[in-house]
Amino acid sequence: MALTNAQIDQIRGTAHEVREDVLRMVHAAKCGHPGGPLGMADFMTTLFLAHMRLSKDNLHAPERDRFILGNGHTCAGYYALLAQKGLVARDELMRFRKMGSPLQGHPHRNAEIGIDFSTGSLGNSLSVAVGMALAARLNGWDTRVFSASSDGESQEGQIWEAATSAAHYGVGNLTVIVDFNNIQIDGVMREVMDVRDLREKYTAFGWHAVDVDGHDVVAVDQALCDARDVLDRPSAIIAHTTIGKGVSFMENQAGWHGVAPNDEQFENAMAELAAAKP
Ligand SMILES: Cc1ncc(C[n+]2csc(CCOP(=O)(O)OP(=O)(O)O)c2C)c(N)n1
């Protein structure tokens with residue numbers, strides 16, 4: 001069912017708060033990755049608020065939905081969304097990357113706060129997601145498994161082994177959303193190692209695959225609804241995004257892949273976000 005206007009407003013408002021939290025967390029930690037999660041905030045918030053069945057109430061239910069962040073370095077946004085869901089205390093966000101915090105610089109599996117798998121080493125995520133989706137099917141659960149990935153992670157060969165097996169076994173309860181921003185740690189993805197057209201690639205591997213504007217929450221929601229309705233194949237949503245979205249001096253800049261803003265940059269970034277508050 002299509003989102004109501006109130007739901008669309010709520011998702012946009014929450015995505016804005018996620019962006020603020022990402023900047024606060026990386027600034028406080030004095031290290032981390034701000035660019036990716038700023039770019040992913042719109043589709044991640046749509047997924048977490050409107051689709052994924054993960055909450056305090058079903059946290060320990062075996063049949064609940066699962067999520068794996070393949071591009072684990074973008075975890076600041078993931079943690080901010082876990083806080084939005086009430087699974088992580090807001091105070092804890094400010095201990096991001098600190099000794100003893102469950103919110104490390106890459107996700108660490110933690111059943112108490114709903115982190116389903118440890119990631120950071122690119123390439124493993126989709127294989128694990130396929131396994132979880134198959135396990136759910138064997139158990140007769142209606143679990144859906146969502147996996148986030150990226151153009152950079154799509155350079156890893158293991159992704160394509162997983163894509164082959166997911167289609168072979170007709171894993172219809174699996175959806176991957178790829179953050180396609182054409183930027184990676186070393187620069188412009190098309191210059192570093194061009195992964196080319198991922199919709200065509202996933203289609204050729206036997207998946208249901210679509211391109212979507214990753215900042216258009218209505219389009220992302222529609223793509224997630226369509227993916228839910230495709231039962232005989234896994235689904236790939238190629239979300240075209242702008243790294244650093246919302247902060248003009250971070251947008252499209254590989255330099256903001258993994259650097260914390262200094263105090264002045266932080267103030268400027270927060271002011272820009274505030275001026276554009278939905
Ligand atoms: C197996 C592996 N190789 C290399 C790295 C180092 N690394 C960290 S992030 C990154 C680039 C990933 O690209 P992408 O996710 O597209 O980056 P973003 O859009 O967030 O800039 C690389 C190569 C890694 N984490 N894992």
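**Exercise 1. The shell around the ligand**

Task: State how the residues of the shell around the ligand divide into nonpolar, polar and charged, and identify which residues are the closest to the ligand.

Solution. The shell around the ligand comprises four nonpolar, nine polar and two charged residues. The structure is a predicted model, and the values below are computed from it. In total, 15 residues surround the ligand. The closest of these are H73, S150, D151, N181 and H257.

**Exercise 2. Polar atoms facing the ligand**

Task: Determine how far polar atoms of H73, S150 and I183 lie from an oxygen atom of the ligand, and then state what share of the ligand's accessible area the protein covers.

Solution. Step one concerns the side chains. H73 places a polar side-chain atom 2.8 Å from an oxygen atom of the ligand. For S150, the distance from a polar side-chain atom to an oxygen atom of the ligand is 2.7 Å.

Step two turns to the backbone. A polar backbone atom of I183 lies 3.0 Å from an oxygen atom of the ligand. Step three adds the coverage: on its own the ligand has 600 Å² of accessible area, of which the protein covers 77%.

**Exercise 3. Helix 2**

Task: Compare the reach of helix 2 with the expected value, locate the kink in helix 2, and explain why helix 2 is described as largely enclosed.

Solution. Begin with the length. Helix 2 spans residues 35-50, a run of 16 residues. From the first C-alpha to the last, helix 2 reaches 24 Å, which is close to the 22 Å expected at 1.5 Å a residue.

Next, consider the axis. Helix 2 has a kink of about 55 degrees, and the kink is centred on A41.

Finally, consider burial. Of the 16 residues of helix 2, 14 are buried, and helix 2 is therefore largely enclosed by the rest of the structure.

**Exercise 4. E92 in helix 4**

Task: Place E92 in the secondary structure, decide whether E92 is buried or exposed, and name the side chain with which the side chain of E92 makes a polar contact.

Solution. E92 belongs to helix 4, which covers residues 90-93. Its relative accessible area is 18%. Because buried means under 20% relative accessible area, E92 counts as buried. The side chain of E92 makes a polar contact of 2.8 Å with the side chain of R95.

**Exercise 5. Two arginines with positive phi**

Task: Give the phi of R97 and of R196, and set beside each value the place and the accessibility of the residue.

Solution. The background is that most residues other than glycine have a negative phi. R97 is not a glycine, yet R97 has a positive phi of about 70 degrees. R97 sits in the loop between helix 4 and helix 5 (125-139), and at 26% relative accessibility R97 is partly exposed.

R196 is likewise not a glycine, and its phi is positive at about 60 degrees. The loop that holds R196 runs between helix 7 (189-193) and helix 8 (198-204). With 58% relative accessibility, R196 is classed as exposed, because exposed means over 50%.

**Exercise 6. Separation in sequence and in space**

Task: For each of the pairs E156 and N124, A227 and M132, and F205 and S165, give the separation in sequence and the C-alpha distance.

Solution. Take E156 to begin with. E156 lies in the loop between strand 2 (145-150) and helix 6 (157-168), and is partly exposed at 31% relative accessible area. N124 is 32 residues away from E156 in sequence, and their C-alpha atoms are 8.7 Å apart.

Continue with A227, a residue of helix 9 (residues 217-229). A227 is buried, with a relative accessible area of 0%. A227 and M132 are 95 residues apart along the chain, and 17 Å separates their C-alpha atoms.

Close with F205, in the loop between helix 8 and strand 6 (208-213). The relative accessible area of F205 is 31%, and F205 is partly exposed. Along the chain, F205 and S165 are 40 residues apart, with their C-alpha atoms separated by 9.3 Å.

Conventions: Residues numbered from 1 in each chain as written. Predicted model: local features only at pLDDT ≥ 70, side-chain atom pairs only at ≥ 80, totals over all residues. Heavy atoms only, no water. Helix = DSSP H or I, 4+ residues; strand = E, 2+ residues; numbered from the N terminus. Expected span 1.5 Å × (residues − 1). Bend = angle between axes of the 7 residues up to and from the residue. Buried < 20%, exposed > 50% of the residue type's maximum accessible area, 1.4 Å probe, protein only. Near = heavy atom within 4 Å. Polar contact = N/O pair within 3.5 Å; in protein donor to acceptor, adjacent residues only side chain to side chain. Areas by Shrake-Rupley, 256 points an atom, 1.4 Å probe, with all protein chains shown as cover. Nonpolar A, V, L, I, M, F, W, Y, C, P; charged D, E, K, R; others polar.
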